[in-house]
Number of protein chains: 2
Amino acid sequence: MEKEPLLMLPGPVPVPERVRLAMARQAINHRSAEFGAVYADCVRCLAPAFGTENRIVIISGSGTAGMEAAVANFGRGRKIACLVNGKFGERLFDISKRYGEPIALASAWGTPLPLEALAESLEEGAEVVTLVHNETSAGILNPAREVGRLCRRHDALLIMDGITSIGGDVVEADRWGVDVAIVGSQKCLAAPAGLAAVSVSERAMERIADDRPYYLDLAAYLKNANKDPMETPYTPAVPLFLALREACLLIEEEGIEHRIMRHQRLAQAVRVAVAAWGLSLFPSIDGQHGYSNTVTAVRIPEATTDGELRGLVKRLGVIIAGGQDHLKGQIFRVGHMGAVGAPELLATLGALQAAMGRLGCRLDGDGVAAAADHLA
Amino acid sequence: MEKEPLLMLPGPVPVPERVRLAMARQAINHRSAEFGAVYADCVRCLAPAFGTENRIVIISGSGTAGMEAAVANFGRGRKIACLVNGKFGERLFDISKRYGEPIALASAWGTPLPLEALAESLEEGAEVVTLVHNETSAGILNPAREVGRLCRRHDALLIMDGITSIGGDVVEADRWGVDVAIVGSQKCLAAPAGLAAVSVSERAMERIADDRPYYLDLAAYLKNANKDPMETPYTPAVPLFLALREACLLIEEEGIEHRIMRHQRLAQAVRVAVAAWGLSLFPSIDGQHGYSNTVTAVRIPEATTDGELRGLVKRLGVIIAGGQDHLKGQIFRVGHMGAVGAPELLATLGALQAAMGRLGCRLDGDGVAAAADHLA
């Protein structure tokens, strides 16, 4: 078998061996002290990454299941203001349509969120707000603190998709006033795909909908998480919990502050390389939001195409992402989240630089060297 | 570390090493030909176990997620007749309450289903019927063929929970007229917990609800399963798919007919042992239904208690199940599903016989020897 390619995507990401091997052991009973301890380890280590003292529960399902759990349990029948400036903002709006009365407060992908429109919506009685903190489709970080301030002023619940920020960038759910935050296992946590962790505030629990779904009933998850030993209401994906526990212990061992600084340094290094090449980041930022620290989006040089560029990079053993929906063919995206470090980043930049050179792109300078200087 | 205990539960079950090791490899991109081939292998091997030519999709979630997907997509706003003679029949009724207008057609756990009442309900306009084929809570197999015949006569959709029968007992979804069948990964398939496979008939698809949930939207699963390569609508639990593929290939290698005969032989051996001991199966069967071939429920002898008996068996390295809800303390249950064979069964019966002897239960004879004779 050929060597596995290096996944530099905005998820899934490379999973450390210790995490993967945790899944190879024999099945354990999920109604047992042993499983309860695994679950407890996960939520203990996740709390600092969420920046919360709220209860955290873990759902066997993707990040989207976590998003739906949040909207279905707290948005049912309510006015929901959905902030949208990328694909996952759109997804929260789509989910909200199935449960409540959403309004999309939208701006073009990657452009600043319409916070004035949010303030108006809240004045007009929006009870729930949805926000994507780190929007991987556009490579941006949205101003969660400001959104949280507006929500608190109007006593609205804030649901925050932190799927690609929690564990890789600064998240302070409690200080920002985030009532429900969601993370996916296969992003900054560097665990395999298939679990979503959701934190829930007391304020949110007081307003939980009476009419809830079954598998995604957060009241049932919270009730079972309060048992000793901790349990899930339905059979959990045990190997994924075993893996997540190891991934969480790695976060605890590294320390969340160090981990965030590592992500920030990697993101800066990519931006330094892009500048040295003379290429443009997507989008051009000059507003309330900022560049993502876990994924970087870059405009594809005119001399080449998405297919050629990513194809050649793949032949060098590195998988990067293209644009989604209307950005397909316009941008490429490099994920730098989870357990990766300087070697993986330099391999990626080296493959990109070589590929662009071979495809006849005129680069201003040596981006790999510039990034290496920054990292050193 | 102590040796892992032997899980003789009605799920989770021991997972073969080849299946477990499939999870230890590096993450793969789920939007790729490689992942599509994994998904395709799973559904190809599952089709004969379901007895269907209908499309099969796989949800990253427990069997309960599959049950809810069935009810939410096909029962929304409809009259649902829920057949209930055990815990999982009750669960389908509970789920149905969140989506449609269910009537519980209930009999005591383990007793025959009220098929006359079903016929009446269908006459009165029930559009959807829910059935648990193999009810592990009571150790029984319900008459799916007869229920299917009634449903077809009245053009109602039949949703069948085959979570603990598919892959271990005879299931002929198409011949019986089952429109939606569900299996869980951690039961007869002997894969890890965390996936549910759902088959959907054309007839059901023509009647799918307009108002569907998001994560469990079966139209989205079917649409993405029709892509080439096959995809899931949301990020799948990749390691669990890799494991399920191996488990499914093992089923294909064994052959579904042989696998079912192996399960039947193991079940008969347990019943032979119980008879030799002079104990009583739960329930006493003399009707349309039969004993489960994947789990056996036995009344706890008067001389001992559930806690003492299962505790002592556990000290001998074997985990068996107790009763659920009102049967707690009344019965114990031995799972014999998945990849287990004569050695695991004899170990379990040996531990039980020794434990009962030590606890002062008067046994009529040597159940282990009787079971071994039957198996040989």
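**Strand 9 of chain A and its surroundings**

Let me begin with strand 9 of chain A, which is covered on both faces: A:V180, A:I182 and A:G184 are buried on one side, and A:A181 and A:V183 are buried on the other. I should say at once that this is a predicted model.

The strand comprises residues 180-184, and five of the five are buried, so strand 9 is largely enclosed by the rest of the structure. The criterion behind that reasoning is that a residue counts as buried if 20 or more other C-beta atoms lie within 10 Å of its own.

Which strands pair with strand 9? Strand 8, residues 157-161, runs parallel to strand 9, and three bridges join the two. Within this pairing, A:I159 has A:V180 as its bridge partner. Strand 10, residues 195-200, pairs with strand 9 in the antiparallel sense, over five bridges. There, A:V183 stands opposite A:A197.

I turn now to the chain as a whole. Chain A contains 14 helices and 15 strands. Its radius of gyration is 21 Å, close to the 21 Å that the globule rule gives for 376 residues, so chain A is as compact as a globular protein of that length. The C-alpha trace spans about 60 × 55 × 30 Å along its principal axes.

How much of chain A counts as buried? The figure is 58% of the 376 residues. As for contacts, if we take those between residues at least 6 apart in sequence, 73% join residues at least 24 apart.

To close, I return to strand 9: its partners are strand 8, in parallel, and strand 10, in the antiparallel sense.

Terms used:
Residues are numbered from 1 along each chain as its sequence is written. Chains are lettered from A and ligands numbered from 1 in the order in which they are written. This is a predicted model: local features need pLDDT of at least 70, side-chain atom pairs count only at pLDDT 80 or more; totals for chains, interfaces and linings use all residues. Helices (H or I, at least four residues) and strands (E, at least two) are DSSP runs, numbered from the N terminus. The radius of gyration is taken over C-alpha atoms; the globule rule is 2.2 Å times the number of residues to the power 0.38. A residue is buried if 20 or more other C-beta atoms lie within 10 Å of its own, exposed if 12 or fewer, and partly exposed in between; C-beta atoms are placed from the backbone. Two residues are in contact if their C-beta atoms, placed from the backbone, lie within 7 Å. Two strands pair if DSSP finds at least two bridges between them.
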